[in-house]
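Here's a quick briefing on a ligand site and the charged pairs that go with it. Have a look at the model first, then read on.

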Amino acid sequence: MKYLSCAATALILGAGLAAPALADTAGCDDGEMVIKFSHVTNTDKHPKGIAANLFMERVNAEMDGTACMEVYPNSTLYNDDQVLEAMLQGDVQFAAPSLSKFETFTKVFRIFDLPFMFKNMDAVEAFQQSDAGQGMKNSMARRGLQGMDFWHNGLKQFSANVPLIKPEDAAGLKFRIMSSKVLEAQFKALDANPQVLPFSEVYSALQQRVVDAAENPLSNFYTKKFNEVQTDLTLSNHGYLGYMVITGKLFWKKLSDDQRALITQAMKEATEYGNKLAEDMDVRYLNEIKAAGTTTIHELTPEQRQA
Ligand code: LMR
């Protein structure tokens with residue numbers, strides 16, 4: 001693994017050389033197998049970004065000299081609608097799209113998009129650890145993809161530039177959604193207008209009023225600065241957003257038993273750490289959004305939530 005100093009990076013950028021896709025990596029040595037991990041969120045303040053970096057650090061410590069992982073955050077390598085096809089082509093080896101993004105590969109994750117399906121994160125965790133949940137990791141095997149682990153983000157909240165308190169408040173609004181049929185149906189049931197957009201385009205779509213509203217867990221809302229472009233946030237906890245870390249079956253099969261064991265152990269450590277962090281960050285980012293003073297936060301009464 002090579003070490004490229006910040007000064008060297010500044011020199012490359014200062015010299016106006018074509019900027020490569022930015023990876024969180026120390027650089028790989030010749031002869032090392034390069035393992036690319038692509039995702040779409042922030043890298044150092046987001047549970048997925050931090051878990052991916054920890055996974056990379058553990059793999060690079062244990063496999064130095066033979067393999068080297070590079071993490072590409074913030075959609076710098078692929079958007080979620082491109083990454084699974086790229087994985088099948090062998091161009092990327094790991095990704096962690098949200099469970100809503102697997103629609104064309106499997107329908108089993110649709111359960112996670114159902115509104116009010118899970119009472120809280122403990123209920124999500126219990127289901128994911130059950131035989132039924134663990135079995136979902138193999139649901140895309142015949143399509144060439146292998147699920148590794150569930151990573152948490154958190155429960156979703158609604159945001160807009162008007163208060164969303166009653167179901168009728170959403171009628172007629174354009175909501176950005178992930179590419180999921182269940183989410184499409186959810187907003188149609190509210191007489192709202194769902195619009196599929198990649199995560200990387202959400203901020204500008206909200207800013208330019210291409211869409212009026214969105215649903216996000218607090219870490220996505222805060223780390224992508226959506227609070228700058230949404231005046232109202234409703235603590236609805238109405239749905240779950242989490243991830244499946246995924247790899248290509250062909251890539252996985254090519255590895256030796258030892259390599260698979262090292263990667264599996266590194267993944268386990270990253271999963272445990274990241275999932276605990278997701279819980280803490282949810283609380284922390286609610287406080288940060290309050291402190292930013294940009295957005296009115298609405299809590300629902302039990303009756304409003306029931307409606
Ligand atoms: C989204 O598109 O809103 C999410 O999938 C982004 C993410 O990875 O949390």
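What follows covers the ligand's surroundings, its polar contacts and the salt bridges.

This is a predicted model. The protein buries 100% of the 270 Å² that the ligand would expose if taken alone, and the space the ligand takes up is the largest cavity.

**Who's around the ligand**
- The shell is made up of V40, T41, K48, D80, S98, K101, R176, M178, F199, N220, L241 and Y243.
- Sorted by class, that shell comes out as five nonpolar, three polar and four charged residues.

**Polar contacts to ligand oxygens**
- Y243 has a side-chain N or O atom 2.5 Å from an oxygen atom of the ligand.
- For R176, a polar side-chain atom sits 2.7 Å from a ligand oxygen.
- S98 joins in too, with a side-chain N or O atom 3.3 Å from an oxygen atom of the ligand.

**Salt bridges**
- Side chains of opposite charge can pair when their charged atoms come close.
- The structure has 12 salt bridges, and one of them pairs D80 with K101, with 2.6 Å between the closest N and O atoms.
- That pair ties together distant parts of the chain, 21 residues apart: D80 belongs to helix 3 (residues 80-88), while K101 is in the loop between strand 3 (94-95) and helix 4 (110-113).
- Both D80 and K101 are also among the residues around the ligand, so this salt bridge is worth viewing alongside the site.

Methods
Residues numbered from 1 in each chain as written. Predicted model: local features only at pLDDT ≥ 70, side-chain atom pairs only at ≥ 80, totals over all residues. Heavy atoms only, no water. Near = heavy atom within 4 Å. Polar contact = N/O pair within 3.5 Å; in protein donor to acceptor, adjacent residues only side chain to side chain. Areas by Shrake-Rupley, 256 points an atom, 1.4 Å probe, with all protein chains shown as cover. 1 Å grid on protein atoms, 1.4 Å probe; cavity = no way out; pocket = protein on both sides within 12 Å on 5 of 7 lines; lining within 4 Å. Sits in = over half its atoms within 2 Å of the grid points. Nonpolar A, V, L, I, M, F, W, Y, C, P; charged D, E, K, R; others polar. Salt bridge = Lys/Arg side-chain N within 4 Å of Asp/Glu carboxyl O. Helix = DSSP H or I, 4+ residues; strand = E, 2+ residues; numbered from the N terminus.
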